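I set out to look up helix geometry, ring pairs and charges over rings. My notes are below the display.

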Amino acid sequence: MSNPLLQDFDLPPYAAIRPEHVEPAVEQILSENRAAITQLLTQPASQMTWDSLVVALDEIGERLSKAWSPVRHLNSVCNSAELRTAYEACLPKLSAYWTELGQNRTLFDAYQALAQSPEAIGFDTAQQTILKNTVRDFRLSGIDLPEEGQQRFGAISARLSELGSTFSNQVLDATQAWTRHITDESQLMGLPDSAKAQMAQAAKGKDLAGWLITLEFPSYYAVMTYADDRALRQELYTAYSTRASDQGPNAGQFDNTPVMLEILDLRQELAQLLGYANYAELSLATKMAESVEQVTHFLQDLAQRSKGFAERDLAELRAFATEQGVTDLKSWDVGYFSEKLRQSRYDLNQEELRAWFPIDKVLSGLFAIVQRLYGIEIRELHDFESWHPDVRLFEILEQGTSLGRFFFDLYARPHKRGGAWMDGARDKRRTAHGHVQSPVANLVCNFTPAVGDQPALLTHDEVTTLFHEFGHGLHHLLTYIEHAGASGINGVAWDAVELPSQFMENWCWEPEGLALISGHYQSGEPLPAEKLERMLAAKNFQSGLMMVRQLEFSLFDFELHATHGDGRSILEVLEKVRDEVSVMRPPAENRFPNSFSHIFAGGYAAGYYSYKWAEVLSADAFSRFEEEGVLNPETGRSFREAILAQGGSQEPMVLFVQFRGREPSIDALLRHLGLTAEAA
């Protein structure tokens, strides 16, 4: 039987990939790659050129990436016991391979020699940056450690890779393990028809009468925002906020607590092995921010500026809930009464707005916006292999030339990881044969799917998420850089990687943008002017509460990694952060860290602050569009060429200054969020 992962293909043959293909393909490619690297290193370091070293290694890396990328992706979007087993069997093999590569002294010497060679003087900026970053990454892989130190580094890296996967699996399993079957419709009072239809569909899928509530986000969100039944909200809140922990309805069943502790211990050991005081310091070695103190000060300064606004938001909410007969506002009441307060203050119902955001209208508007800004065209492709019937494929063109393609997998379903993300499925690069390979991206969300004959209708929050992920996609797809190490999102400092994504969200709030992305799903009528005005008036509703919530996550993550080993438990660190920034305490059984996948199973460890850091950059970058026109193609071209096209070829601050003419200021962000003295 031929193995599809070992064949040559353009787009991955998703429909043909089976769990039994995974391990044999990875083992064969790793074995062949090792032989190829040994062969490559037979030439003397002094004779190495860019092509014979860097491009040759990119070719070897591409072979592995081409097979592993679709496997990793399928494990996130179509998780099954068999695929999970196959995926996890490969993690230690891959970790060992990457550690070997990062500790290959001959390879390191070859890079050092190339960086100091006469040829290097003529290298372009991207090539210079790649060489500098590669030498840095060798040091961060333990190249300078004695042999036993290198072996320990390898063992830690392999174990961390396994633990990250375990953490992610347990969150997914805990999410799937809890459902609430409802047969009495009166318990669903307050829920919109669309949510009830979704729950009825979920019940039918399990051969049940009535309605099935799950912990997948659209279902959870609907109950927490609209259900009049307070006991139901409490039950759901408890199940959701205790996932993968020692508390709640499935207490102990998928408990991530020991996983988190081992991850933190190993990260701390890794940092110290490499000569850093803690993992937060190690994390900053590859970021824009220069020190632990700088990040901490940045977050605490934002907290100081925001906390008064958050306290005001909460006081208003408590007063409103009291008027409605609830004098003891709890965590499971916040979403519900916030929505009621928004409706009463702005006559604005989030659910009602869905009718104006059918998915195809939103997509056509999104594409129209980027077409105007960046001079590109987007068309849908229909003949491709997919992992699910809902998946769609699009191509970006410029003057008839294809720049890249992207998959959209937009809807929540069982066996799919929660949240929203973009990953680069293939990098833009010039191959050893001189051919330019175009990039491919996967864009994944968990929106409410279509029900019956009605198209998928998005909330405005979901529209914003779509724009966010599409911003990441454009960063990867519109790159000019033809060296794999700096094209698209590669080599971009992690605290700058959220700039293009948060930047795109701005058009969801601009009248010119809203005119393009909204239209009633039945009549096609544009969003009425008075609804638009009310939406814009409500834009900063509870932005103080939102800000301190994000700062709680960011400070918790950073503090956890900067102080691990000081004798405090994970929850004690969280409580201290809440003392500083929070205005409302969740109940004692809340175990938010146990499902905080961003930092325990994603790339955001000691880096969750990046969202706020990059938000300062994106708000300030967008303020130039506010000055020059939000759909101004010249400003769009300038942003594309300075930021999107450059990938990781230069320091983010250099690129930002090229676009903005100066370093970023926090003022635009505070103004956008209404957190200024004038708003007080």
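The entries follow in the order in which I made them.

I worked on a predicted model, in which local features need pLDDT of at least 70, side-chain atom pairs count only at pLDDT 80 or more, and totals for chains, interfaces and linings use all residues. Residues are numbered from 1 along each chain as its sequence is written, and side-chain values use heavy atoms, with hydrogens and water left out.

**Helix H2.** I checked the span of H2, residues 50-77 (helices are DSSP runs of H or I, at least four residues; strands are runs of E, at least two; both are numbered from the N terminus). Its 28 residues should span 40 Å at 1.5 Å a residue, and the end C-alpha atoms lie 37 Å apart, which agrees. The expected span is 1.5 Å times one less than the number of residues. I also noted a kink of about 30° centred on Ser-65, the bend being the angle between axes fitted to the seven residues ending there and the seven starting there.

**Ring pairs.** I found 48 aromatic pairs (Phe, Tyr or six-membered Trp ring centres within 6.5 Å; planes under 30 degrees apart are stacked, over 60 edge-to-face, the rest tilted). Phe-367 and Phe-406 are edge-to-face, at 6.2 Å and 70°. This pair joins helix H15 to strand E5, 39 residues apart. Both Phe-367 and Phe-406 are buried (under 20% relative accessible area, 1.4 Å probe, protein chains only).

**Charge over a ring.** I located the charged end of Arg-233 over the ring of Tyr-336, 4.0 Å from its centre (NZ of Lys or CZ of Arg within 6 Å of the ring centre and within 35 degrees of the ring normal). Lys-66 lies over the face of Phe-9, at 5.0 Å.

Definitions and conventions
Buried means under 20% relative accessible area, exposed over 50%, partly exposed in between (1.4 Å probe, protein chains only).
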